[in-house]
Amino acid sequence: MKQLISIAIVLGSLTYIQSTEAASWRTCSGNKIKWDSNTVTMRASNVSFPSGSSYRSALQTVISRVNDNPSKFNFNLSTGDTSVGFDNGQNETWFTNDSDALDGAPAVAFSWTHCYWLFGWRHGIDEVDVVFNNNVTYTSSSNKSALNTYGGSARPFRTTATHEFGHALGLLHENRYYNIMGQDWDFIHANGNSTRAYLGEDAANGAVILYGTTGGYMEDVSLSHHKYLGTSGEYSRHQPTRLYNSSGGNLSRFGNSGEWVYRVNKGQTVRLELTAENNGKSYQSPAVGYYVSTNNYISTGDRRIGTGSLGLGRNIPYTFQRTLTIPSNLNSGQYYWLGAVIDYNGAISESSGVNNATYVRIYVNY
Ligand SMILES: [Zn+2]
């Protein structure tokens, strides 16, 4: 028996990252390392997430967003934990002042896993603790003006936490696609002045690969004005989607409140770039309405200047361009927002309709 255990320890180091499918996870002799159960309890520190605090409420929102995926897996959040610690058999989340423990990172998901052979491969996640660095300037807010993503001064807690709970469900970093498991702060949905952290298509697909597809109904499509840019080590980097001229060339632009504003002429043909995601269970072919708005909140009540449709399987995000004509009766010297609403006709019954619209800002030349 002792021999077997010592073999187990050696074999325990034989984990590697698989990379043949979209999302990534740890493996053990080819088996996916994941939770045995499809429901895992995560306990929140009562000191870090006290009753009535904006951080408890943000954490609750994040957990429900992570759970809003088409796999069988979900977290059960328990609040009020008065004794948190590593390797104590409980999955816990807290803020620490000990930056060294996190190696200076803004947050870390510490995972304890097993992988050994004992008359068959035994593998799984035993415990995950998600720890946030108190020395980082976080905001629990979802208002654009507060977030470093949009020129604000604080790191969004909600996207950071969504990334860490992605680790907690078994996902590793991902650098190939627009993905929450890459750089988190610019993996975000925005419409109007508010943002929404979300798990996204690739991570949701990873959850399905690990835990199987839910037996329940879960459909959701979304639009983002961010896209894949490239890699930063094992992280994907993202950038805002753009507006191009009719041949795909760059339009002149300037910065305003942390966002790009593209200069256009009345009657000009442009290409609007956005990223569509299918965060749900089934293939969808949503209709998309394109709008011009006098404010940054895009809705079906705005002036519609085009329609189209997309075919979206559940795999990886789809960044696309749509040719549109700037109406010739817009006012010169004025700002507008060119946007789109996915499933504008409400044909899909979705878990969230809040993430269906987004925009790129424009300025009409004289
Ligand atoms: Zn990470």
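Start by selecting Lys144 and Glu259, whose side chains meet in a salt bridge with 3.1 Å from N to O. Keep in mind as you look around that this is a predicted model. Lys144 sits in the loop between β9 (138-139) and β10 (155-156), while Glu259 belongs to strand β18 (residues 259-264), so the pair ties together parts that are 115 residues apart in sequence. Switch on a surface if you like: both Lys144 and Glu259 are buried.

**More salt bridges**

How many salt bridges does the structure hold? There are 4. For another of them, select Glu273 and Lys227, where the closest N and O atoms are 3.1 Å apart. Here Glu273 comes from strand β19 (residues 269-278) and Lys227 from strand β14 (residues 226-232), so this pair ties together parts that are 46 residues apart in sequence. Glu273 is buried, and Lys227 is too.

Now pick Glu174 and Arg176, which form a salt bridge with their closest N and O atoms 2.7 Å apart. Color these two by accessibility: Glu174 is buried, with a relative accessible area of 1%, whereas Arg176 counts as partly exposed at 26% relative accessibility.

**The zinc ion**

Next, center the view on the zinc ion. Which atoms coordinate it? Show the side chains of His163, His167 and His173, and you will find the NE2 atom of each one at 2.0 to 2.1 Å from the zinc ion. If you follow these donors along the sequence, their spacing reads H-x3-H-x5-H. Both His167 and His173 are buried.

**Into the nonpolar cores**

From the metal, move on to the largest nonpolar core, which has 42 residues. To get your bearings, select Phe49, Phe75, Phe132, Phe157, Phe165 and Leu169, the residues with the most contacts inside this core. At least two core residues come from each of β4 (39-45), α2 (54-67), β7, β8, α3 (157-168) and α4 (200-211). Which of the elements gives the most? Color α2, which supplies 6 residues to this core. As a general background, nonpolar side chains in soluble globular proteins tend to be buried together.

Zoom in on Phe75 for a closer look. Setting aside neighbours within four places in sequence, Phe75 is in contact with Val40, Met42, Ile63, Val66, Asn67, Phe165, Ala168 and Leu169. Then look for a second, separate core of 27 residues, which includes Leu243, Tyr262, Leu272 and Val364.

**A buried loop residue**

Select Asn355, in the loop between β23 (335-342) and β24 (357-364). Is Asn355 buried or exposed? At 3% relative accessibility, Asn355 counts as buried. Show what surrounds Asn355: not counting residues up to four places away in sequence, Asn355 touches His189, Arg196, Asp220, Val221, Ser222, Leu223 and Asn279. You can also draw a distance from the C-alpha of Asn355 to the C-alpha of Thr162; these residues are 193 apart in sequence and 16 Å apart in space.

**Out to the surface**

For the last stop, return to a surface view and select Trp117, Phe119 and Trp121. Together these residues form a nonpolar patch on the surface, with about 350 Å² of accessible area. Phe119 lies in the loop between β7 (107-117) and β8 (121-133). With a relative accessibility of 63%, Phe119 counts as exposed.

Notes. Residues are numbered from 1 along each chain as its sequence is written. This is a predicted model: local features need pLDDT of at least 70, side-chain atom pairs count only at pLDDT 80 or more; totals for chains, interfaces and linings use all residues. Side-chain values use heavy atoms; hydrogens and water are left out. Patches are made of residues with over 30% relative accessible area and no salt bridge: like charges are joined within 9 Å, nonpolar side chains (Val, Leu, Ile, Met, Phe, Trp, Tyr) within 5 Å. Accessible areas come from the Shrake-Rupley method with a 1.4 Å probe; for residues, only the protein chains shown count as cover. Helices (H or I, at least four residues) and strands (E, at least two) are DSSP runs, numbered from the N terminus. Buried means under 20% relative accessible area, exposed over 50%, partly exposed in between (1.4 Å probe, protein chains only). A nonpolar core is a set of buried Ala, Val, Leu, Ile, Met, Phe, Trp, Tyr and Cys residues joined through side-chain atoms within 4.5 Å. Contact means heavy atoms within 4.5 Å. Donors are N, O and S atoms within 2.8 Å of the metal (3.2 Å for Na, K and Ca); water is not among the atoms, so sites may look incomplete.
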